[in-house]
Amino acid sequence: MNKSVFQMTKIIATLGPASSSVEILTRLIKAGARVFRINFSHGSFDDFDKLINNIRKAEKKTSVYVSILGDLSGPKIRVGKVIPEGVLLKEKQKIKFVRHDILGGSPGNEFTFSTTYPHIIDEVVPGEKILLDDGNIELKAVSKETKGKNAYLECEVVEGNLLTSSKGINLPETKLSLPSMTKKDYACLEYAVKNRFHFLALSFVRSSHDVITLKKKLREYSARPKGLNITSGDLGFSTTFQEDNYIPVISKIEKPQAIENLESIVHESDGIMVARGDLGVEMDLAEVAILQKQIIKMCKSQGKHVIVATQMLQSMIEEPVPTRAEVSDVANAIIDGADAIMLSGETAVGKHPVKAVKMMARIARNTSDYLKEKQTKKGQFIENAGLLNRKAAMARGVNIISQDVRAKYIVTWAHSGGSTAMLSLQKMQIPIIAFGENVSRLEQLTILYSVYPVQMEQPVSGSKFIARVDRYLLDNRLARKGDHVIIVASSPMTLRGVTNRMVIHVVGETTERKP
């Protein structure tokens, strides 16, 4: 077995026209992708059916587990239809938005446009900033009329550019009343549950209430246990055993309101995504790097797993190699403490999807080597309630001991995966090989930092598990006799939800015979 399969920081690849075939998906997995993101904003359920089928075929061909992250579109506001050639907006020009559908730029409506959210007229206050097309166009609201058929919102162009159909509208200074999930999102949620997606990302989160709404709906679909409320570093796995169809919620931080409510949103979420695209549009671009560090720090303090996303290797949409600045950006996200890093357009529509993943994997490996040299024996402990406190304490203990004995691997038996997730948060720079029976849970574990899942039938005893681990490491040439590994499991081995045993094992020191 090639030891390069052991990745520390995990790579999420967004799927699209450039990466939908079994051949490309197979190559992406071999290059280092461990999570595939399906963006519900683009495509139909028939398209998604084909993608899921192809992912499973590629997974089978490579014998490497991967997970699927569904990204709910959220309430994205867009400009309505505009004449095909678009409308060039110039500085200080006045334009209007109206409630009813019109063709923007057509005779009589040369500088009048509709939107997908008619209430924009009611909720935007004169003086507030409006951004179109990812910030390429900036407007300032100057006046409005909210009553009658001729209701409108008048704006002045601050920064002009060409406006075409369906361009996004960002309202960074406006308090919007629209719900966090649309009718389409609820349909996509039902689809994700039916097709056993491993994670769901919630877009445009503004408050913890948005997260609560999605979790409540997941409970209704039996995709979240009724007793599971706030999760910790275990991602909620400790209370969701193997038979559960459990989908953790990853909140995307991309709105100013999310920054204002960051602590409560992180608390309520199972995981966090730093979505730098809209975050960089809605807030001062110069703040994004600092905000990224603050969000990751908040996640660390609460023991939450975090993804950094958007424009990480953006130039590779067109070019076969990234810029030096992009390489530094990826490395710094890992140094900051990201558990996973995500490619968007690079793999969805880019010309070099496989090269982009390979490059990201190279950067991640080199950064991991650097972090290994800088690692201290302190470890991290986050106080939790009940049994989770035991797991958190053991995780820090394993971290310290692994450095003392220079362990080559951490090995876990994953009934539910909760202890494995806790160990992942320690960022030990040592591969965690997670053995378990349930394929769906093993696939979910692929998003976790440094975790490599392997299927194994339930061992009848701890000694037999150690013997099997020994054979696995030697047969696959992953270790030599005399190497140290730390084995973390429950005693007895069949005991669920409790991790109460840690063994410092020397490879080759076992008398168990093959059962």
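In this predicted model, L202 stands opposite S251 in β14, and this pair of residues is a convenient place to enter the sheet. The strands concerned are β13, which covers residues 199–202, and β14, and the two pair in the parallel sense over three bridges. Continuing to another partner of β14, one reaches strand β15, residues 271–275, which pairs with β14 in the parallel sense over four bridges; here K252 stands opposite M273 in β15.

How is β14 itself placed with respect to the rest of the structure? Strand β14 spans residues 249–253, and because five of its five residues are buried, that is, under 20% relative accessible area, the strand is largely enclosed by the rest of the structure. In a regular strand the side chains alternate between the two faces of the sheet. Both faces of β14 are covered, since V249, S251 and I253 on one side are buried, as are I250 and K252 on the other.

These pairings belong to a wider arrangement, a closed barrel of eight strands that runs β1-β2-β3-β13-β14-β15-β16-β17 with parallel pairing. From one strand to the next, the twist averages 25 degrees. Outside the sheet's own strands, helix α5, residues 208–220, packs on the sheet and touches both β13 and β14, its direction making about 155 degrees with that of β14.

Elsewhere in the barrel, strand β16, residues 305–309, and strand β17, residues 340–343, pair in the parallel sense over two bridges, and within this pairing I307 stands opposite A340 in β17.

Notes: Residues numbered from 1 in each chain as written. Predicted model: local features only at pLDDT ≥ 70, side-chain atom pairs only at ≥ 80, totals over all residues. Heavy atoms only, no water. Buried < 20%, exposed > 50% of the residue type's maximum accessible area, 1.4 Å probe, protein only. Pairing = 2+ DSSP bridges. Axes fitted to C-alpha atoms, helices over the stretch in contact; angles between N-to-C directions. Contact = heavy atoms within 4.5 Å.
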